[in-house]
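Student: Got a minute to go through this one with me? I'd like to start with the cysteines.
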Amino acid sequence: MGQDHGTEAEVAKPAADEHAARNALDHAVKTRDASVMDMVRRSIQHRQVMLAFQPVMQAQTQGRVAFYEGLIRVLDETGRIIPATDFIDTVEDTEYGRMLDCIALEKGLAELGRVPGLRLSINMSARSIGYKKWMRTLHRGLDQDPTIAERLILEITESSAMLVPELVVSFMDDLQRRGISFAIDDFGAGYTALRHFKDFRFDVLKIDGQFCQGIATDPDNQVLVGAMVKIAEQFDMFTVAEMVESHEDADCLAALGIDCLQGYLFAAPSVRPPWRREDAARRVG
C-alpha cells in the first residue's frame, strides 16, 4: 500500500496558512514602521530631539574619561526618552535619518562650543555626506570656534561606510585636514572589504559589543579582539571596546591592548552629563 499524501485540499491548507501568517507579519512590520516614522516626524517637528552623553574611559586608567559619545534621543508623545536602537534602523534610509543626523551634529557642535574642555563623538550615516544641510551645519559650527574641529570625532558605522567607500575616503581626507577625527563604529558587525579598509584611515576603531560582552570567559572572542587590536595598531588607530558591562571583561580587554572602554559598567547614556549638573549646581549655589 502506497504512502497516503492526503487530498489536494489538505496539502493546500498548510500553504495557505503559511501565506496568511506571512501577510500578517508583513502587515505588523509595516504598521510598526509607520508608527516609528510618525513618532520621529513629530519629535523633529516639535524639536523633541536631544543628545544623551556616555563616557568612553581610558582602559589603563579606568576612572579617566577619554571622550564622550553623543547619542541621539527622541521623545514620544508621552514624554518618554526613546533610544536610537528603537528607531534608527527604520529611518536611516529616509529623509528623517538625514534630519536626525543634522540635529545630532548641530547639538554636538553647540555642546563643544559651550564646554571648552569637552571632546565629543557624534554619529552620522555615510548617506549624509552629500546632504547639503548637514555640510552647512558642520562648516558653520567649525567656523565659530577654531578649537572645535580637533575636539570632534565623527562616527560612521562599518556597514554605512561600505555603502560608498570611495566617497567616504574623500570626505574623511578633506575633514581630517581640518583636524576632525573619524571612528569606524560597530567594527566586526559588518562586511568590511580589507582593500577598502586600507584606504579609509580611520583614527578610532570601535569594536562591536558582541565581541566584548562576556569576553573574559570566551577564548574565541579573545582571539578575535586580539586580531582587531593588531589591525588597529598597524594602521595607527585607537581602539574602543563597546558594551563593557563587567570588571572582568574590562580587565580582559585592557590586557588584550584595548585603549578605551565604553559601556554600562562605567555609565549609562545621560541627558544630564556631569558638566551640566555642575552648571546647575553653580546656579543654585
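Tutor: Sure. A disulfide here is a pair of cysteine sulfur atoms within 2.5 Å. This is a predicted model, where local features need pLDDT of at least 70 and side-chain atom pairs count only at pLDDT 80 or more, while totals for chains, interfaces and linings use all residues. Residues are numbered from 1 along each chain as its sequence is written, and side-chain values use heavy atoms, leaving out hydrogens and water.

Student: OK, so how many disulfides does that rule give?
Tutor: Zero.

Student: Why is C252 not bonded to C212?
Tutor: Because the C252 sulfur is 9.7 Å from its closest cysteine sulfur, the one in C212, and that's too far for a bond.

Student: Is C252 buried or exposed?
Tutor: C252 is buried, because its relative accessibility is 15% and buried means under 20% relative accessible area (exposed is over 50%, partly exposed in between; 1.4 Å probe, protein chains only). C260 is buried too, at 8%.

Student: Switching to strands: what does β5 pair with?
Tutor: β5 pairs with β4 (residues 120-124), parallel, over five bridges. Another five bridges join β5 to β6 (residues 181-187), also parallel. Pairing takes at least two DSSP bridges, and strands are DSSP E runs of at least two residues, numbered from the N terminus.

Student: Which residues face each other there?
Tutor: L120 is opposite L152 in β5, and I156 is opposite I184 in β6.

Student: And how enclosed is β5?
Tutor: Largely enclosed by the rest of the structure, because five of the six residues in 152-157 are buried.

How values were computed
Helix = DSSP H or I, 4+ residues; strand = E, 2+ residues; numbered from the N terminus.
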